[in-house]
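Hi everyone, thanks for making time this morning. I'd like to walk you through one model, strand by strand, and then look at a few side chains together.

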Amino acid sequence: MVHKRSKRRRAYRFTCPYCDLGLLRVGSPKHFLFYNGANEIAQNTTITRKKATLLATQGTYVDSNCWIEKFFCGNDGDLWILIRQFTDGTTSIALAQREDWKRTTQTTNPDVPNPSVSEFTYYMSRRAHLKS
């Protein structure tokens, strides 16, 4: 099968926004962004205003073309990248901001520590970088 369709050609190659080295996928889940009102849907997606009001009446709209994913850079370490995929097949990347994290699915609040972790364990995990 010489002309078999391969998804490998369509794989996206991303570069680090700091040092322009290639990023490696860590295998983390995709955290999709959601929007609540018609204004948010129309501003953040390519959906028309009329269709956005229809989607807003149905509840929260989860955008399957915009997500946050974890990548690894050899120089800068782990990076959380916001990826937007457009209808023409192109993608844009940017570093994930705090506002983006507030609109993601299946994530915890990064400002509040995990309540199931004891205070001692949390304290010791913050001191891990001090050990030589």
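**A walk around strand β3**

Let's start with F72, which you'll find in strand β3, residues 61-73. One thing to keep in mind as we go: this is a predicted model.

So, which strands does β3 pair with? Take β1 to begin with: two bridges join β1 to β3, and the two run antiparallel. In that pairing, L24 stands opposite F72.

Next comes strand β2, residues 31-35, which is joined to β3 by five bridges, again antiparallel. If you want a spot to click on there, try L33, which has D63 of β3 opposite.

Then there is strand β4, residues 77-85, and here the antiparallel pairing with β3 runs over eight bridges. I68 stands opposite L82 of β4 in this part. The link from β3 to β4 is a hairpin of three residues.

Now back to F72. Is this residue buried, partly exposed or exposed? Its relative accessibility is 35%, so F72 counts as partly exposed, since the partly exposed class lies between 20% and 50%. F72 also has company: together with L24 and V26 it forms a nonpolar patch on the surface, and the three share about 260 Å² of accessible area. You'll remember L24 as the residue opposite F72 in the strand pairing.

Let's move on to charges. As a quick reminder, side chains of opposite charge can pair when their charged atoms come close. How many salt bridges does a search of the whole structure find? Two.

One of them is between the side chains of R25 and E69, at 2.7 Å from N to O. R25 sits in strand β1, residues 24-25, and E69 in β3, so this pair ties together parts that are 44 residues apart in sequence. Have a look at how the two partners sit: R25 is partly exposed, because its relative accessibility is 44%, whereas E69 counts as buried, because its value is 3%.

The other salt bridge brings together the side chains of D78 and K70, with 3.4 Å from N to O. For D78 the relative accessibility is 45%, and therefore this residue counts as partly exposed.

To put the picture together, β3 pairs with β1, with β2 and with β4. Strand β3 also holds F72, a member of the nonpolar patch, as well as E69, the salt-bridge partner of R25. Thanks for listening, and please do rotate the model yourselves!

Notes
Residues are numbered from 1 along each chain as its sequence is written. This is a predicted model: local features need pLDDT of at least 70, side-chain atom pairs count only at pLDDT 80 or more; totals for chains, interfaces and linings use all residues. Side-chain values use heavy atoms; hydrogens and water are left out. Patches are made of residues with over 30% relative accessible area and no salt bridge: like charges are joined within 9 Å, nonpolar side chains (Val, Leu, Ile, Met, Phe, Trp, Tyr) within 5 Å. Accessible areas come from the Shrake-Rupley method with a 1.4 Å probe; for residues, only the protein chains shown count as cover. A salt bridge is a side-chain nitrogen of Lys or Arg within 4 Å of a carboxyl oxygen of Asp or Glu. Helices (H or I, at least four residues) and strands (E, at least two) are DSSP runs, numbered from the N terminus. Buried means under 20% relative accessible area, exposed over 50%, partly exposed in between (1.4 Å probe, protein chains only). Two strands pair if DSSP finds at least two bridges between them.
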